[in-house]
Amino acid sequence: MPVHKPPKFHKKKPVACQRCHAHKVKCSGDHPCSRCHHVGRGEECQYSLRDRKLKINESYLDQILAENHQLRAQLHSRQVSITSDTSGFGQNQRRGSNSTSPVRNPLLGDRAWFYPYDPSAPPIYMGEAACTAFATRLRQFLTGNPETAHVARTQYTPESALVEAETQWPRLPQARLLVRVAFNQLSRVYHLVLRKATLDQLEDLYKFPGKREDPAWTAKFFALFALGEVYSSRTDSAATAGGRVPGTGYYVRVMGLISILPERPGVVHMESLLLLSLFSYFLNRRHSGYTLIGTAMRIGLILGLNHNIPERQCPDPIEREHRVRIWWAVYIFDRMWGSKTGFSLQIRDEDIHVDLPKEVSSPAAAEQFSDTAYLVASVQLARIVGLIIEKIYSRKEHRESFLQREQQLLLALQGWMQELPAHIRLPGDDGPPAKHIVSLHLQFNQCVILATRPILLHALYQHHDTHKPTNKTFQTAQAVITLSEACIHAARHSHALVVDEWINGSLPMYGYFYAQYLFSSTLTLVISSLLGSGAIGSAVDIEALETGIEILHRMTDHGNLAAAEFYENLIRVKQTLNPSTNLADEDYRENHIHEHITNSSVYNTPDAIVDLPHLPNTSTASGIGFTTEMAFLEPTMQDFLGRSGSDMDLVQPEELLLGELDSWPTLWTA
């Protein structure tokens with residue numbers, strides 16, 4: 001019987017990779033081979049044509065799909081939810097160390113932005129969040145020249161004009177009026193002092209003149225006098241008092257008193273620094289305001305205002321609440337000032353452990369404090385401002401994509417609006433809104449603009465590339481359209497609100513913030529007009545530029561230094577749009593701009609739109625009257641806000657990751 005031998009299995013000869021074959025060296029046949037893997041060039045390990053034709057094992061594909069699913073789940077679990085970003089002030093939150101590919105604001109280059117005022121002096125940093133920086137970026141795009149210079153800020157009160165003169169205490173009737181004017185303008189918006197206690201202190205200082213020798217009390221009341229004087233000024237020209245802003249004399253006196261800070265400060269020093277920081281904006285001295293509020297914050301940390309003080313150490317409930325509200329006033333100013341200048345925040349939310357403002361169950365509390373709900377809303381909005389600066393305008397590395405961060409911020413803004421108490425919403429048909437209500441909603445609109453205008457400017461870049469005589473075409477992503485439209489709606493709303501305040505004579509003539517809101521919204525509407533031929537914006541929005549120029553021009557004539565700076569920037573933008581137009585010509589302004597500021601009694605509310613004669617109809621772009629709140633109800637916005645973190649990657653347009661701005665010069669300022 002024959003014996004069958006088992007068949008011989010010949011070992012398959014390994015196929016050499018191209019690299020080993022080219023070098024005529026022995027190849028292990030692995031995938032990649034050991035030699036390629038050792039030199040770190042596994043990606044160069046190429047196999048022969050016969051090896052490439054080998055069928056891939058189906059289980060290998062299943063493994064790849066499973067790993068992909070697992071990675072998506074891990075990425076989703078690591079995502080920082082908007083709830084954790086916007087809840088619980090003062091609670092430490094540990095952040096994971098793992099990170100995905102960092103994605104910054106696509107409009108931020110790799111270098112900081114500086115511009116020189118004086119060749120003999122060091123340049124000054126320019127934050128990208130500043131509205132004037134945004135205006136320069138817009139002009140650089142419109143001119144096609146990244147070297148287009150930033151407009152130097154020269155419209156501010158210089159140190160040479162802040163020479164201390166002999167400023168005396170005013171007569172008691174005048175002092176009472178000045179303090180009451182300051183309270184009327186400020187106390188419903190910010191908590192800076194105890195109202196009733198401050199008025200009582202004023203009476204004591206005049207009853208016992210010796211108390212006026214105390215520099216702490218002099219500083220507090222002279223700062224109040226400065227604000228009262230600038231708010232009550234009825235001057236029609238800046239020619240009075242040598243062209244100085246009303247109240248400057250009191251301001252100079254106080255700045256001389258705080259040159260040496262106390263080693264053991266008190267809350268009264270915090271009050272003075274808050275008031276001085278606010279008045280600095282009337283002088284358009286933003287850097288001084290930022291420095292003063294930084295000093296106030298450090299004093300607050302020394303006093304422990306970022307912690308709840310035990311009742312046994314501060315038994316008076318009004319004093320305890322005053323400490324709380326003073327701290328949050330510093331916090332609000334820090335976030336607001338940061339958004340105006342683009343500078344870094346001076347304290348992290350994780351380092352704050354004090355409660356939010358709350359009602360005090362005391363009959364005397366109503367005379368000391370303003371509306372608690374309004375103040376809480378202001379604090380929460382200021383925190384969102386801080387998140388915008390951190391997530392959109394900082395150069396730190398983020399774990400989330402740019403659109404994920406946009407989604408988080410818009411969800412926070414939507415939640416803020418939804419939770420806003422009814423009595424601090426804009427009224428419907430009940431007449432004009434109170435000034436402090438208008439101020440709060442202008443701040444909200446500015447948050448929306450600040451968060452979304454990088455996307456809007458990107459849409460303008462894309463629109464420009466689409467209309468170039470080349471084969472390059474883009475289809476604007478729906479996410480870009482949605483965010484750009486939200487930015488434009490917020491700008492239309494703000495522009496109409498400021499115009500209404502101007503028409504009705506309630507706009508602070510020397511104020512900084514209304515001028516800045518008008519400037520910011522006008523820049524956005526200029527971009528809207530340039531995009532009007534596509535899916536975004538409306539061409540009629542260009543008329544807002546003429547209106548903004550006119551109002552800022554009138555405020556400049558009254559001596560408003562901030563308005564003068566913004567006016568100059570708008571003039572440059574207009575000249576860039578139409579170089580043949582001489583906007584310095586007074587006849588042009590009178591004949592073609594003044595006609596847009598006419599009488600009107602229509603107010604912009606959530607249910608109605610201002611339709612001033614010759615002003616752009618804000619309903620043009622969408623068919624209905626839009627306010628910022630209604631923009632959040634758009635189906636495309638709801639779809640964007642409802643996407644999960646992993647789904648957001650699917651709507652991240654590749655062209656959003658711009659690289660061309662990396663070569664643009666940074667703004668270092670004078």
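# A walk through a helical chain

At 0% relative accessibility, F444 counts as buried. This residue sits in helix 16, which covers residues 435-466. The model is a predicted one, and F444 is a convenient place to enter it. Which residues does F444 touch, leaving aside its neighbours within four places in sequence? They are L381, L413, W416, M417, T628 and F632. A further pair can be described by distance: the C-alpha atoms of F444 and V385 are 9.2 Å apart, although their positions lie 59 residues apart along the chain.

Now step back to the whole chain. It contains 24 helices and 3 strands. Its residues number 670, and 53% of them count as buried. Among contacts with a separation of 6 or more, 76% join residues that are 24 or more positions apart. The chain exposes about 30900 Å², and 53% of that area comes from carbon and sulfur atoms.

How many disulfides does the structure hold? The number is 0. Two of the cysteines can still be placed. C131 is buried, with a relative accessible area of 4%, and C447 is buried with a relative accessible area of 4%.

Helix 10, residues 248-257, shows how parts of a helix can be covered. Its buried residues are T248, Y250, Y251, V252 and V254. The cover over these residues includes helix 7 (172-186), helix 9 (215-232), helix 11 and helix 12. As background, an α-helix has 3.6 residues a turn, so residues three or four places apart point the same way.

Helix 11 and helix 12 lead to the next stop. The loop between helix 11 (267-282) and helix 12 (286-303) contains N284. This residue has a positive phi of about 60 degrees, although it is not a glycine. Is N284 buried or exposed? N284 is buried, with a relative accessible area of 0%.

Further along the chain, D334 belongs to helix 13, residues 317-341. D334 has 0% relative accessibility and therefore counts as buried, the cut-off being under 20%. Apart from its neighbours within four places in sequence, D334 is in contact with I293, M297, L345, Q346 and I347. For one of these, Q346, the C-alpha distance to D334 is 6.9 Å, and the two residues are 12 apart along the chain.

Q478 lies in helix 17, residues 478-503. With 43% relative accessibility, Q478 counts as partly exposed. The C-alpha atoms of Q478 and T636 are separated by 7.8 Å, with the two residues 158 apart along the chain.

The last stop is a pair of helices. The axes of helix 18 (residues 513-530) and helix 20 (residues 561-577) come within 9 Å and cross at roughly 10 degrees. Because angles under 35 degrees count as roughly parallel, helix 18 is roughly parallel to helix 20. Which residues make the contact? Helix 18 contributes A515, Q516, F519, T522, L523, V526 and L530, while helix 20 contributes A563, F566, N569, L570, V573 and L577. By type, the residues of this contact divide into 10 nonpolar, 3 polar and no charged.

Notes
Residues are numbered from 1 along each chain as its sequence is written. This is a predicted model: local features need pLDDT of at least 70, side-chain atom pairs count only at pLDDT 80 or more; totals for chains, interfaces and linings use all residues. Side-chain values use heavy atoms; hydrogens and water are left out. Axes are lines fitted to C-alpha atoms, for helices over the stretch in contact, and angles run from 0 to 180 degrees between N-to-C directions. Helices (H or I, at least four residues) and strands (E, at least two) are DSSP runs, numbered from the N terminus. Angles under 35 degrees count as roughly parallel, over 145 as roughly antiparallel, 65 to 115 as roughly perpendicular and the rest as oblique. Contact means heavy atoms within 4.5 Å. Ala, Val, Leu, Ile, Met, Phe, Trp, Tyr, Cys and Pro count as nonpolar, Asp, Glu, Lys and Arg as charged, and the others, Gly among them, as polar. A disulfide is a pair of cysteine sulfur atoms within 2.5 Å. Buried means under 20% relative accessible area, exposed over 50%, partly exposed in between (1.4 Å probe, protein chains only). Accessible areas come from the Shrake-Rupley method with a 1.4 Å probe; for residues, only the protein chains shown count as cover.
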